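Student: I would like a close look at one part of this model: the way its strands are arranged. Please take me through it step by step.

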Amino acid sequence: MRTFNWLRSSAATAVLGAALLGIFGGGEAAAQSKQLTLCWAAWDPANALVELGKDFTKQSGIEMKYEFVPWTSYADRFLNELNSHGKLCDLIIGDSQWIGGAAENKWYVKLNDFFDKEKISMDDFVPATVVGYSQWPKNSPNYWALPAMADAVGWTYRKDWFSRPEIQSAFKAKYGRDLVPPKTYDELKQIAEFFQGREIDGKKVYGAYIFTERGSEGITMGVTNVLYNYGFSYDNPKKSYQMQSFVNSADAVRGLEFYKQLYKCCTAPGMTNAYMQEGLDAFKSGQVAMQMNWFAFFPGLYKDPNVGGDKIGFFVNPAGPNGHFTQLGGQGISVVATSDRKDDALAYIKWFAQPAVQQKWWQLGGYSALKAVVDAPDFPKSAAFAPQFLESMGIVKDFWAEPSYAQLLLDMQKRVHDYVVADKGTAQQALDLLVKDWTKVFKEQGKQVASQ
Amino acid sequence: MAWLFVAPTIALLLAINIFPLVWMIRLSFTSLNLSMSYLPLRFVGLDNFTDILTDEDVWFRLQTTAQFVIWSVALQVVIGYGLALLINRQFRGHSFWTTIILLPMMLSPAVVGNFWTLLLQPQIGPFNYVISLFTGVPPSSFSMTGQVSLAPWTIVLVDTWMWAPYVMLICLAGLRSIPDYIYEAAEVDRASAWRQFWSITLPMTVPFLMLAVLFRAIENFKMFDMVNLLTSGGPGSTTELVSITLKRAAFEKWRTGYSSALAIILFVTVFGAANIYVKALNKVKQR
């Protein structure tokens with residue numbers, strides 16, 4: 001009995017001791033290990049950021065934790081988090097179009113004072129990225145993010161196919177010109193038609209891969225590359241929110257018709273709901289001659305053992321009859337206003353803005369927006385796609401960045417997909433309906449929308 | 001003392017059911033948009049309801065949903081009932097085949113959506129190859145999820161594949177509840193198998209069939225996950241069920257007031273239809 005009592009009291013002492021150790025020991029450990037959570041999308045550059053972040057931990061002692069969400073649910077997940085004033089993220093790399101809503105709703109910490117104090121100048125960054133990722137209202141000196149990941153839509157092509165003598169001669173015989181990466185959308189369509197259904201190495205291949213995804217932002221991020229170059233603009237440059245005759249101008253209608261023609265003539269079967277990943281799969285499996293996608297994926301593609309290296313080439317989004325632009329992608333890094341670790345989060349941004357860190361960011365596979373990196377004389381030679389990236393960043397245009405951007409985006413997704421993929425109505429009707437949808441959204445937002 | 005015991009349940013019910021419902025009703029009369037929560041909250045009366053009920057798109061989505069519910073439930077009832085009649089007989093491997101037939105309904109809709117997406121892929125998916133084998137149509141010449149004419153049937157097909165076993169299970173319970181002596185009496189009267197089916201089996205299993213229809217119709221009216229994974233509501237808006245419209249309005253466009261009103265309209269519709277149906281079911285049972 002005595003033995004049993006002794007055992008019982010010993011066990012109780014041990015449990016109590018362990019609990020106390022847990023409380024005090026754990027508390028001490030917590031005090032020692034500071035931690036920051038960074039939220040972003042799950043894609044190639046995120047892996048580069050994890051690698052880069054190890055240097056920050058080494059220098060500051062702050063552990064980095066990451067919350068990466070696939071692109072298809074990235075906006076849903078994090079806008080929900082920001083809307084509900086959650087504390088999951090201390091730092092967030094939010095999409096460029098969120099900036100208006102994030103600033104107006106005070107989801108992000110305004111960074112002007114911090115930039116002044118730490119001598120971080122926005123003049124040191126590529127202008128398009130500052131306007132696109134940091135400023136709200138646009139073109140005003142109000143900064144809510146540091147440009148973190150510069151990105152734009154570009155194109156990859158099968159350089160090895162383009163350079164084959166038999167393919168070159170067949171192309172020249174048919175079109176009377178050399179087979180080279182296209183400079184205009186008409187040229188691109190011609191090349192895509194040429195490759196469509198052609199047999200290469202015993203395998204049927206297709207002309208081009210373009211974005212058609214319905215659920216999130218895919219088809220909009222694809223079609224705008226053509227629309228901008230045909231003459232589409234979001235509103236009257238002289239009168240904000242006047243969309244009639246700009247969104248649905250005759251040129252814009254022709255641009256939308258062209259995108260549909262490209263989709264019908266020259267894409268692989270079943271590409272009715274395809275975005276970034278499907279494009280990568282199509283290109284990596286040797287299915288398409290040309291692929292529209294974000295520059296962010298190009299380092300990974302270049303390293304691909306089957307289609308990378310000498311087999312892959314890159315070109316800038318081709319021009320249209322009325323201009324030469326490309327869709328802006330990319331994101332800025334912001335401090336979440338509800339975070340309990342704002343000081344540490346700002347320390348991360350200060351560290352991230354340093355030229356040496358930005359240089360390493362580019363080397364690891366991220367895209368720096370710092371002029372010191374991208375304007376360096378050796379930058380164009382630093383990667384096979386660097387010259388195209390530089391050129392693209394000079395011609396970018398972005399989607400609406402208004403607080404109501406999600407509504408505007410989903411309306412465009414619906415109208416464009418209805419016309420391009422589902423064959424519903426005409427291009428004119430699709431864009432007219434889009435003007436109607438957007439007018440309603442802006443009116444609900446309290447904006448003055450002029451019809452003419 | 002009795003109240004003390006039920007109090008936690010009532011408190012829980014109030015907190016997670018009644019309060020959100022009342023709050024949602026309140027929000028449905030406001031202009032709240034969570035992506036623009038800095039704007040003042042306005043009371044808009046019945047504007048949200050008027051907007052929804054006069055919106056052509058919403059009516060299209062309701063039509064799409066109704067067509068999906070009618071076709072999928074009808075097919076599930078026919079196939080499920082047929083399977084139940086087969087499984088009700090005693091044969092070798094009976095248990096094995098019952099388990100195999102029940103497998104699809106044990107899967108998560110997300111898994112079903114994902115693997116059917118692969119099966120239906122025009123270039124690598126086996127579904128198109130099987131169709132091609134029987135019809136001679138080239139496999140990559142059609143896309144089950146990407147063509148306007150095929151996509152609505154695709155979601156009906158996948159839903160039927162998944163849920164016909166569930167209907168079978170309910171019908172099987174009905175078939176097994178029919179006492180043997182009724183069939184024995186019918187055999188004494190020299191009733192044919194066909195006659196036995198029409199006069200005994202079917203009438204006595206109708207309440208079970210109606211129950212299956214009720215369960216499946218309610219479930220399919222709120223169908224979201226599988227369709228969202230298969231088609232995202234596309235091509236265009238061809239397979240955009242009203243639940244997808246609601247999700248987009250509430251959690252992508254953040255139109256909280258509007259989506260609350262839409263949720264109420266849908267709730268009243270399902271609740272009203274289910275009530276009428278249950279009354280009919282009770283009448284059938286009383287016969």
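Tutor: Happy to! Two strands count as paired if DSSP finds at least two bridges between them. Strands (E, at least two residues) and helices (H or I, at least four) are themselves DSSP runs, numbered from the N terminus. The model is predicted, so to speak of a local feature takes pLDDT of at least 70 and side-chain atom pairs count only at pLDDT 80 or more, while totals for chains, interfaces and linings use all residues. Residues are numbered from 1 along each chain as its sequence is written, with chains lettered from A and ligands numbered from 1 in the order in which they are written.

Let's start with the open sheet of chain A. Its five strands follow the order E2-E1-E3-E12-E4, and their pairing is mixed. Strands E2 (62–69) and E4 (146–149) of chain A each have a single partner strand, so they stand at the edges with one side lacking a neighbour in the sheet. On average, neighbouring strands of this sheet are turned by 30 degrees against each other, direction ignored; here axes are lines fitted to C-alpha atoms, for helices over the stretch in contact, and angles run from 0 to 180 degrees between N-to-C directions.

At the E4(A) edge, three bridges pair E4(A) with strand E12 (residues 331–335) of chain A in the antiparallel sense. There, A:Pro147 has A:Gly332 of E12(A) opposite.

Helices pack on this sheet too, where contact means that C-beta atoms, placed from the backbone, lie within 7 Å. Helix H2 (residues 44–60) of chain A touches E1 (34–41), E2 and E4 of chain A, and its direction makes about 165 degrees with that of E2(A). Helix H14 (residues 342–352) of chain A lies across E1, E2, E3 (91–95), E4 and E12 of chain A, at about 145 degrees to E12(A).

Now for strand E5 (residues 153–158) of chain A. Six of its six residues are buried, that is, 20 or more other C-beta atoms lie within 10 Å of their own (exposed is 12 or fewer, partly exposed in between, with C-beta atoms placed from the backbone). Both faces are covered: A:Val153, A:Trp155 and A:Tyr157 lie on one side, with A:Gly154, A:Thr156 and A:Arg158 on the other.

E5(A) has antiparallel pairings with strand E9 (residues 288–294) of chain A, over five bridges, and with strand E10 (residues 312–316) of chain A, also through five bridges. A:Trp155 stands opposite A:Met292 in E9(A), while A:Tyr157 stands opposite A:Gly313 in E10(A).

Notes. Contact = placed C-beta atoms within 7 Å.
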